[in-house]
Amino acid sequence: MLLLPLLLEATLLPLATGSHHPFYNGFYYNHIMNDKGNGQEKVVYFNGARLWVETPKDPVYSTNGANVTLPCRYHFEPDTEAKRKIRIKWSKLRDDYTKEKDVLVAIGKTSVAFGDFRGRAQLHQAGWREASLVISDVRLQDDGKYRCEVIDGLEDESDVVDLRLQGIVFPYQPPRGQYRLNFHEAEQVCQEQGAILASFNQLFQAWNEGLDWCNAGWLSDGTVQYPIRLPRKPCGGLHLAPGIRSYGPRHRHLHRFDAFCFSSGLRGEVFYLNHPAGMTLEEAKQSCQDAGAEIARVGHLYSAWKFLGLDRCDAGWLAGGPRANCGPAEPGVRSFGFPSKGRFGVFCYKER
Ligand SMILES: *[C@@H]1O[C@H](CO)[C@@H](O)[C@H](O)[C@H]1NC(C)=O
């Protein structure tokens, strides 16, 4: 039973290295070393072809609601024309590579998708030795790394492809004020804003694009961080270089911070309504409803600003407080905080 530990090693290796490149797990040969007396002559019996699996090195970009193909190809060296009974398995990696979630497994023409990929994931095998995955109706949660694994008998090779959703990261602070959310509540408020908790990669990209925010917020991996472009005293100090400041992992129930939410492309449109005298929040909600829409959420407004070029210098109600996307400093969506009263216009959101 020499096989067992070897097989274990074969499945652990790709996890441990986290490599993005095709790797050799040592499994395509059976080495049989025959010492023929004098110790010089070694015979190696070659027992099969080497299997390679390849995916693109660059991330594949998509948006909310789109269909996306994650390319994956395999081949044998030396190449064999023979039909082989191949199994293909796609799984989604967690940020830390420690766990995987099954997406789809396929043998021949039969495939099964799992969890929330059911009905949305299928194999695309148009080309020779192709094992690409098509995900339809892409969701925010689909962002991340996927492993394409090809299994041919004892050979088991895989490679990883990175799916990134084009989107926007926005800090979120509830009406009750700063640092009120534990991890689970942070997940909840992002969802209420048509978004999800941002990943570190998403926050990093937002920081690259100019996000500077002096309040620490939860990320999807349970860490608490904040992006600083311009070092200053109240935001981690002057001695630190610009970057993402991290408090590291925090207790998901006991510790309270703000949230960094991530939202992607819109399935609908955002528009602005006003009355000469402005509107209360209740009147604003009604106006959107009368227009066959709903009051926009914070995530909608940020997405509209980024993807649809929405640029209005009017304050307007949103579910959760009035905002305007204009201001003296940099472009972006500005918050007025959460006055309980006041009369503003309203941003509405209408699904297409
Ligand atoms: C995605 O694919 C499905 C069928 O696979 C199709 O019905 C739908 O229109 C496609 N959506 C987009 C946005 O292309």
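Strands β5 (residues 87-93) and β6 (residues 100-107) are paired in the antiparallel sense over seven bridges. Strands here are DSSP runs of E of at least two residues, helices are runs of H or I of at least four residues, and both are numbered from the N terminus; two strands count as paired if DSSP finds at least two bridges between them. The structure is a predicted model, in which local features need pLDDT of at least 70 and side-chain atom pairs count only at pLDDT 80 or more, while totals for chains, interfaces and linings use all residues. Residues are numbered from 1 along each chain as its sequence is written, and side-chain values use heavy atoms, with hydrogens and water left out.

Within the pairing of β5 and β6, R87 stands opposite I107 of β6. I107 also has T110 as its bridge partner in β7. Strand β7 (residues 110-113) pairs with β6 in the antiparallel sense over four bridges. The two strands β6 and β7 form a hairpin with two residues between them, and G108 in the turn has a positive phi of about 60°.

These strands belong to an open sheet of six strands with mixed pairing, in the order β2-β11-β10-β5-β6-β7. Because β2 (60-62) and β7 stand at the edges, each with a single partner strand, one side of each is left without a neighbour in the sheet. Neighbouring strands of this sheet are turned by 25° against each other on average, direction ignored; the axes behind this angle are lines fitted to C-alpha atoms, for helices over the stretch in contact, and angles run from 0 to 180 degrees between N-to-C directions.

A search of the whole structure finds four disulfides, a disulfide being a pair of cysteine sulfur atoms within 2.5 Å. One of them involves a strand of the sheet described above: C72 and C148 are joined with their sulfur atoms 2.0 Å apart. This pair links distant parts of the chain, since C72 lies in the loop between β3 (68-70) and β4 (73-77) and C148 in strand β10 (residues 144-152), 76 residues apart. The link of C72 and C148 is left-handed, with -80° about the S-S bond. Both C72 and C148 are buried, where buried means under 20% relative accessible area, exposed over 50% and partly exposed in between (1.4 Å probe, protein chains only).

A further disulfide is formed by C190 and C261, whose sulfur atoms are 2.2 Å apart. C190 lies in helix α2 (residues 183-192) and C261 in strand β17 (residues 258-264), so the pair ties together parts that are 71 residues apart in sequence. The torsion about the S-S bond of C190 and C261 is about -80°, and the disulfide is therefore left-handed. C190 counts as buried because its relative accessibility is 0%, and C261 is likewise buried, with a relative accessible area of 0%.

Helix α2 buries F183, A186, V189 and C190. These residues cover an arc of only 120° around the axis, which puts them on the same side of α2; the arc is that of the directions from the helix axis to the C-beta atoms. In general, an α-helix has 3.6 residues a turn, so residues three or four places apart point the same way. The buried residues of α2 pack against β12 (167-172), β13 (196-197), β14 (217-218) and β17, with contact taken as heavy atoms within 4.5 Å. At the N-terminal end of α2, N182 acts as a cap, with a side-chain oxygen 3.0 Å from the backbone nitrogen of H184. Just after α2, G194 takes a positive phi of about 70°.

In helix α4 (residues 281-290), the buried residues include A284, S287 and C288. They cover an arc of only 95° around the axis, which puts them on the same side of α4. The face of α4 turned away from its buried side carries the exposed residues E282, Q289 and D290. G292, just after α4, takes a positive phi of about 70°.

Helix α4 also contributes a cysteine to a disulfide: C288 and C348 are bonded with their sulfur atoms 2.0 Å apart. Here the linked parts of the chain are again distant, with C288 in helix α4 and C348 in strand β23 (residues 345-351), 60 residues apart. The link of C288 and C348 is left-handed, with -85° about the S-S bond. C288 is buried at a relative accessible area of 0%, and C348 is buried at a relative accessible area of 0%.

Terms used. Polar contact = N/O pair within 3.5 Å; in protein donor to acceptor, adjacent residues only side chain to side chain.
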